[in-house]
Amino acid sequence: MHLHRYEKWWLTFGVGSLVVFLVVIGVGAFHQGHQPPSSVKTINYEQVDKTAPFDEPGLKKVSGQDWDYELVVVASAFYYAPVEAEIPVGSKVKIIATTKDVVHGFEVAGTNINMMLEPGYISEYVTTLDKTGEFLVLCNEYCGTGHHTMKSMLKVVE
Ligand code: CUA
């Protein structure tokens, strides 16, 4: 087949555009985090109850860190451990959470705390609790028949 010079040019241009397009799609997918970044902490989700710090869920005062408290949370169908936590207002707290089974959410209504908990991964979030009140913790990832009953309470007190 004989190709005219301009047809060759358009063919080259077309293939080139396709390559650029695929690279952009690839880079875009990477930046949206379709694969977990390598720095994310992992855990064997079947061993959560035996793995520190998840063997002792709850609030702990810590020292020598940038935060004052650590709130260790274990989610499973269809509840959170602990069921309730009470934290002094103004505290900087690091929430460290994971799930024992399926994907759950950890959203604290009325705050900026909103995490997705995935089996095999540890989710962490550091925040300062500067409003007093009782904040409902909700699961915002559909996780099964008990999804809508899955909740706990964060009390921020004087
Ligand atoms: Cu857990 Cu929805």
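In the predicted model, Ala75 stands opposite Thr99 of strand S5. This contact belongs to the pairing of S2 with S5, which is parallel and extends over 7 bridges. On S5, a further 6 bridges lead to strand S8 (residues 123-128), and here the two strands run antiparallel. Within S8, Ser123 is the bridge partner of Ala97. Strand S5 (residues 92-99) has 7 of its 8 residues buried, so the strand is largely enclosed by the rest of the structure. For the protein as a whole, 31% of the 158 residues count as buried.

The secondary structure consists of 1 helix and 10 strands. Along the sequence these elements follow the order α-β-β-β-β-β-β-β-β-β-β.

A second parallel pairing joins S4 and S10, with 5 bridges between them. In this pairing, Lys155 of S10 is the bridge partner of Glu86. The residues of S4 are divided between two faces: Ala85 and Ile87 make up the covered face, while Glu84, Glu86 and Pro88 make up the uncovered one. In a regular strand, side chains alternate between the two faces of the sheet.

The structure contains 1 cavity of 30 Å³ or more. The volume of the largest cavity is about 70 Å³. Its lining is formed by Leu71, Val73, Tyr80, Pro82, Glu84, Ala85, Phe106, Val137, Ser152, Met153 and Leu154. Strands S2 (69-76), S4 (84-88) and S10 (151-157) are the elements that each give two or more residues to this lining. The largest share, 3 residues, is contributed by S10. Sorted by class, the lining comprises 9 nonpolar residues, 1 polar residue and 1 charged residue. Both Ala85, from the covered face of S4, and Glu84, from the uncovered face, are among the lining residues.

Tyr80 and Phe106, which also take part in the cavity lining, form an aromatic pair. A search of the whole structure finds 1 such pair. The arrangement of the rings is edge-to-face, with 5.7 Å from centre to centre and 85 degrees between the planes. The pair links distant parts of the chain, as Tyr80 lies in strand S3 (residues 79-81) and Phe106 in strand S6 (residues 104-108), 26 residues apart. Tyr80 and Phe106 are both buried.

A charge placed over an aromatic ring is found at another site, where Lys61 lies over the face of Tyr69. The distance from Lys61 to the ring centre of Tyr69 is 5.0 Å.

Outside the strands, Glu141 is located in the loop between strand S9 (133-138) and S10. The relative accessible area of Glu141 is 26%, so this residue is partly exposed, the limits of that class being 20% and 50%. Glu141 and Glu107 are 34 residues apart along the chain, and their C-alpha atoms are separated by 9.6 Å.

Methods: Residues are numbered from 1 along each chain as its sequence is written. This is a predicted model: local features need pLDDT of at least 70, side-chain atom pairs count only at pLDDT 80 or more; totals for chains, interfaces and linings use all residues. Side-chain values use heavy atoms; hydrogens and water are left out. On a 1 Å grid over the protein atoms alone, a cavity is a set of points where a 1.4 Å probe fits but cannot get out, and a pocket is an open set with protein on both sides within 12 Å along at least five of seven lines; lining residues have an atom within 4 Å of a point. Grid points are joined across faces, edges and corners, and a volume is the space filled by probe spheres set on the points. Helices (H or I, at least four residues) and strands (E, at least two) are DSSP runs, numbered from the N terminus. Ala, Val, Leu, Ile, Met, Phe, Trp, Tyr, Cys and Pro count as nonpolar, Asp, Glu, Lys and Arg as charged, and the others, Gly among them, as polar. Rings of Phe, Tyr and Trp (its six-membered ring) pair if their centres lie within 6.5 Å; planes under 30 degrees apart count as stacked, over 60 as edge-to-face and the rest as tilted. Buried means under 20% relative accessible area, exposed over 50%, partly exposed in between (1.4 Å probe, protein chains only). A charge sits over a ring if NZ of Lys or CZ of Arg is within 6 Å of the ring centre and within 35 degrees of the ring normal. Two strands pair if DSSP finds at least two bridges between them.
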